[in-house]
Structure formats: structure tokens, C-alpha cells
Amino acid sequence: MLGVDGSAMRLSWKIEASRADRQHSYVVEESATRDFAEITASTGPVVSASQIGVAAPGDPLLSREVRYYRVRVRLGDDWSTWSEPLEVEAGLLEAREWMAKAITIEGDTGAERQSPSPMFRREFILDSDPVRARLHITSLGVHTASINGSPVSDELLAPGWTSYRTRLLAATHDVTDLLRFGPNVVSATLGDGWYRGRLGWQPGNDRCRYGTEVALIAQLEVELAHGGTVTIFTDDDWQAAIGEVLAADLYDGSTVDLRLGMPGWEEPGYDASAWSPVRVVSFDSSTIHPRMTAPVRVVDRWNAEELHAGGGERVFDGKQNIAGYLRMVVEGRAGDQVVVRHSEVLEPDGSLHTRSLRSAQATDEYVLGANAGPTTLQPAFTFHGFRYAGIRTEATIKSAEFVAISSDLPRRSSFECSLPILNRLHENVVWSQRDNFVSVPTDCPQRDERLGWTGDAQA
């Protein structure tokens with residue numbers, strides 16, 4: 001586990017045993033090494049059946065500190081063997097350890113309206129092979145990041161939704177394998193997300209709830225084979241530009257013009273001479289905390305079924321309401337447009353029902369570039385609540401896939417019986433939770449009211 005908060009850690013475990021076996025006691029041990037050659041702390045035998053949220057022994061972790069934990073339990077008269085070690089590494093826990101500044105792009109118009117997503121890059125040289133590297137990252141807004149063209153994670157809409165004025169969640173990624181001797185580049189793209197995008201149900205007054213400027217905050221720490229260290233952090237040495245993502249909003253969807261793409265910008269050696277300097281934004285580093293919540297990820301995907309075409313729109317059915325997006329492969333000419341609308345139900349005539357979306361556009365738009373052959377399309381920094389997707393385009397649709405996203409929470413139980421309709425009811429409940437657990441519990445994933453709420457979940 002990377003980037004944890006070092007204070008008041010709690011551990012959980014699961015026992016593989018027969019149904020008749022019950023845990024009567026447990027012992028948790030802590031060590032600074034995987035082989036537990038020296039035990040630094042122990043609970044000692046504790047008479048308890050607790051297996052969830054058990055306080056870890058030992059003192060709070062320090063920034064970047066690595067510790068190992070193991071547990072064994074007593075079932076009846078016998079103690080189990082020790083579990084496999086759990087490795088835990090703390091993130092940056094003190095504000096003074098964040099050298100990174102918050103950077104944004106000059107001339108950003110996002111305070112007044114939806115605007116293009118800014119892109120950032122920073123090239124650097126490693127004079128030795130990297131042996132250990134950690135990227136600590138957060139943002140005002142949502143972000144994706146890569147090193148040498150490879151994504152640092154599969155997370156979506158990071159760092160998630162918080163009360164940004166008082167709490168920013170930072171993730172820590174192991175990026176050792178993405179770095180190499182010689183030239184390297186770290187890059188990132190920002191979206192408005194919950195921070196600056198539409199939030200609430202008052203069109204015309206529903207933007208910039210937390211701030212007017214999106215910004216990237218990143219700190220890359222690298223240990224080298226010759227014993228030296230390199231730290232790369234966001235400051236005014238970075239460069240910025242805008243590219244193919246012209247708009248990205250959680251309610252309205254995204255607009256992507258592939259003709260404006262910059263192939264190779266995430267790779268070292270790219271000619272960024274036309275890029276502009278960044279601007280440093282004031283922010284309080286004491287609001288940064290290690291992330292304690294599950295990240296948003298893709299949780300399922302499947303091929304969509306085409307129902308019919310009418311009025312210039314082809315309608316696809318995912319057979320399931322999801323929070324997510326439509327991923328397509330199309331083939332067409334440069335300048336061809338692809339417009340995707342979303343809805344949960346159909347009108348009696350088979351068209352998409354969008355009135356219940358109210359002011360949310362829930363529409364993704366693409367303009368194809370000059371790339372010869374099939375092109376994969378998926379929106380940036382958005383998601384929709386939908387079962388049906390309507391596509392308008394002159395391009396050839398090669399495939400259409402429904403992609404469901406949710407906070408990546410482990411499923412702790414399941415239900416199945418001999419009555420199919422009851423099984424379906426239970427799955428509906430599960431999917432309702434998945435669809436509304438995108439970073440925080442919300443009341444709905446589709447219209448202009450995707451606000452934090454727990455009452456619907458209880459119902």
C-alpha cells in the first residue's frame with residue numbers, strides 16, 4: 001500500500017477456513033523488514049473475533065517510511081501460520097515536505113466558461129539508472145499523468161471530490177519502471193471536475209464552486225543507482241499548452257478535436273518550443289493529505305447492442321444502467337464529426353429520453369483527425385448515467401463498448417437464489433450503489449444534481 005496516512009492505521013484480514021471455524025484471538029506484528037528479523041511492535045495475543053479495522057501496533061509512520069505487518073489468528077485450540085507480509089509506505093505527511101508549487105496555464109478562460117484542458121510537461125535527465133521512484137500528485141481539478149508516454153496509473157477523475165478549500169487528497173505512485181537512464185519527461189492534463197466544473201442545478205451560476213483556476217501539484221522523487229537522488233516538482237520551469245480536449249465537464253460531457261492533437265508530446269525529445277511558460281498559483285500546502293479513499297476506476301465493460309437508427313441517430317443499448325461512458329472505434333475522414341448523447345430510458349417512439357437530464361447536456365462530441373484507419377474514441381474527464389447511447393456521425397462505427405466506472409471498493413458479499421427475478425433485483429441494488437459511488441456517494445449519476453448524498457443509498 002502506497003502513500004498512506006501514517007497516523008492511526010487500521011488493518012483488516014480475511015480467514016480462509018471452514019464455516020465451523022471461528023477466530024478467538026489474534027496477534028499482529030510490525031517490522032521494518034519483510035523477513036521480520038526484528039519485531040518493532042506487537043499487539044500480543046488479543047482475545048477478540050475482530051477482523052476489520054483493527055488498530056495497527058507501533059508508532060505513527062513518518063513520511064516515506066516503509067513498514068511491514070503480519071497477523072495470525074487462533075481458531076479453536078490452534079494458532080494459524082503467519083499471513084503474508086503487508087507492505088505499507090507512507091506518503092508525504094508534512095506540508096514542509098511538499099516542494100511542489102501549484103501551476104496553471106496563462107490565459108485560461110475557464111473561470112467564465114468551459115475551456116480547453118491545459119497540458120503540462122517537464123523534461124529532465126537522469127545520469128544513472130533509477131532504482132526507486134515515487135510520484136506524489138494532486139490537483140485543483142482532476143488530472144491524468146504519465147511518464148515517458150506511459151500512464152502512471154489506471155485511475156480516473158483523480159484526486160476525486162473533496163472540500164478542496166480544506167482538504168486536497170494526494171496519491172503516491174511507484175513509477176520506477178517508467179523511468180530510464182538519460183532523457184525523461186513527466187506530463188499531465190487537467191480537467192475542471194468538481195473543483196471548477198458545473199456543480200448544482202442552477203444553470204448560469206453553477207461553476208467555480210471551489211475556485212476559478214485549475215492547477216497541477218506534483219513531486220517526483222527518484223533514487224539513482226549511484227546513490228544520488230533527483231527531485232522534480234511543479235514550478236515555473238514547466239511548460240503548458242492546450243490540445244485536442246476543447247471542453248470537459250461532468251454534467252455536459254467532453255468535446256475532443258483530434259485534429260488538434262500533438263503526437264509525441266508525452267515523450268522526451270518533443271519540440272515544445274511553441275509551448276508557453278506556466279503560472280504559479282497560490283495554495284495552502286497544509287491542506288494536502290494522503291488519500292484514504294478508493295480511487296475511481298473502470299469496474300466493468302461490455303459490447304453494446306445496436307437497437308435501431310432513426311432521425312440520423314443510431315441507438316445502442318447497454319442492457320444495464322451504468323455510470324460511465326461509451327468507448328467507440330470508428331473509421332472516417334478528417335473533419336468527420338461524432339456526437340454521442342446519453343439517456344437512461346427511451347421515449348415511446350424509441351428516441352432518447354433527455355428531459356429528465358434537465359440542463360445537463362450529457363453529450364460527447366468528437367472531430368476526427370487525419371489518422372488513417374480505425375480511431376478509438378472515449379471522452380475526457382467526464383462520465384454519464386445511462387443505458388442508451390445515440391450516435392450521430394457519417395463515419396463508420398466499427399464497435400461500441402459500454403464502460404462502467406465507480407470507486408474501486410471491494411465487494412464483501414454476494415447473493416444468489418433460485419428465483420431469477422429476485423437475483424435481478426439484488427443486482428439492480430448493487431449497480432445503483434456502483435453508479436452512485438463515483439468518488440463520494442451521490443444521489444444520481446445522470447442529470448444536473450450529482451451531489452453528495454447518503455439518504456438514497458440507505459433506501
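Here are some worked exercises on the predicted model shown above.

**Exercise 1. The cavities**

Task: Find out how many cavities of 30 Å³ or more the whole structure holds, and describe the lining of the largest cavity.

Solution:
- Step 1. Start with the idea behind the search: rolling a probe the size of a water molecule over the atoms shows where empty space is left.
- Step 2. Searching the whole structure at 30 Å³ or more turns up two cavities.
- Step 3. The largest cavity holds about 50 Å³ of space. Its lining is made by Gly3, Gly91, Leu92, Trp98, His136, Ala170, Thr172, Ile288, His289 and Pro290.
- Step 4. Now ask which elements give two or more residues to this lining: they are β14 (168–174) and β22 (288–290). With three residues, β22 gives the most.
- Step 5. Sort the lining by character, and you get five nonpolar residues, five polar and no charged.

**Exercise 2. The second cavity and its charged pair**

Task: Which residues line the second largest cavity, and how do Arg291 and Glu155 interact?

Solution:
- Step 1. The second largest cavity has about 30 Å³ of space.
- Step 2. Around it sit Ile137, His143, Glu155, Ala158, Pro159, Ala171, His173 and Arg291. This lining splits into four nonpolar, two polar and two charged residues.
- Step 3. Look at Glu155 and Arg291, both found in that lining. They form a salt bridge, with the closest N and O atoms 2.7 Å apart.
- Step 4. Next, place the partners: Arg291 lies in the loop between β22 and β23 (296–303), while Glu155 lies in the loop between β13 (150–151) and β14. The pair links distant parts of the chain, 136 residues apart.
- Step 5. Check the accessibility of each partner. Glu155 is buried because its relative accessible area is 10%, under the 20% limit. Arg291, at 21%, is partly exposed.

**Exercise 3. Backbone features in the loop between β13 and β14**

Task: What kind of peptide bond joins Ala158 and Pro159, and what is the sign of phi at Leu157?

Solution:
- Step 1. Ala158 and Pro159 are joined by a cis peptide bond, with omega at about 5°. Pro159 belongs to the loop between β13 and β14.
- Step 2. Leu157 is found in the loop between β13 and β14 as well. Its phi is positive, about 55°, although Leu157 is not a glycine.
- Step 3. Leu157 has a relative accessible area of 7%, so it counts as buried.
- Step 4. Turn to Ala362, another non-glycine residue with a positive phi, near 45°. Ala362 sits in the loop between β26 (337–343) and β27 (363–367), and it is buried because its relative accessible area is 2%.

**Exercise 4. Salt bridges elsewhere**

Task: How many salt bridges does the whole structure hold, and which parts of the chain does the pair of Lys398 and Glu331 tie together?

Solution:
- Step 1. Recall the principle: side chains of opposite charge can pair when their charged atoms come close.
- Step 2. The search of the whole structure gives 37 salt bridges.
- Step 3. One of them joins Lys398 and Glu331, whose closest N and O atoms are 3.6 Å apart. Lys398 is in strand β30 and Glu331 in strand β25 (residues 313–331), so the bridge ties together parts 67 residues apart in sequence.
- Step 4. Lys398 is partly exposed at 49% relative accessibility, and Glu331 is partly exposed at 32%.
- Step 5. Set this beside the salt bridge of Arg121 and Glu123, with 3.3 Å from N to O. Here Arg121 is buried at 1% relative accessibility, whereas Glu123 is partly exposed at 30%.
- Step 6. Finally, find the network of salt bridges that links Glu89, Arg132, Arg134, Asp174 and Glu223.

**Exercise 5. A nonpolar patch on the surface**

Task: Which residues make the nonpolar surface patch of about 560 Å², and where does Leu419 lie?

Solution:
- Step 1. The patch is formed by Phe415, Leu419, Ile421, Leu422, Leu425 and Val429.
- Step 2. Leu419 lies in the loop between β30 (396–407) and α2 (420–436).
- Step 3. With 46% relative accessibility, Leu419 is partly exposed.

Key:
Residues are numbered from 1 along each chain as its sequence is written. This is a predicted model: local features need pLDDT of at least 70, side-chain atom pairs count only at pLDDT 80 or more; totals for chains, interfaces and linings use all residues. Side-chain values use heavy atoms; hydrogens and water are left out. Patches are made of residues with over 30% relative accessible area and no salt bridge: like charges are joined within 9 Å, nonpolar side chains (Val, Leu, Ile, Met, Phe, Trp, Tyr) within 5 Å. Accessible areas come from the Shrake-Rupley method with a 1.4 Å probe; for residues, only the protein chains shown count as cover. A salt bridge is a side-chain nitrogen of Lys or Arg within 4 Å of a carboxyl oxygen of Asp or Glu. Helices (H or I, at least four residues) and strands (E, at least two) are DSSP runs, numbered from the N terminus. Buried means under 20% relative accessible area, exposed over 50%, partly exposed in between (1.4 Å probe, protein chains only). On a 1 Å grid over the protein atoms alone, a cavity is a set of points where a 1.4 Å probe fits but cannot get out, and a pocket is an open set with protein on both sides within 12 Å along at least five of seven lines; lining residues have an atom within 4 Å of a point. Grid points are joined across faces, edges and corners, and a volume is the space filled by probe spheres set on the points. Ala, Val, Leu, Ile, Met, Phe, Trp, Tyr, Cys and Pro count as nonpolar, Asp, Glu, Lys and Arg as charged, and the others, Gly among them, as polar.
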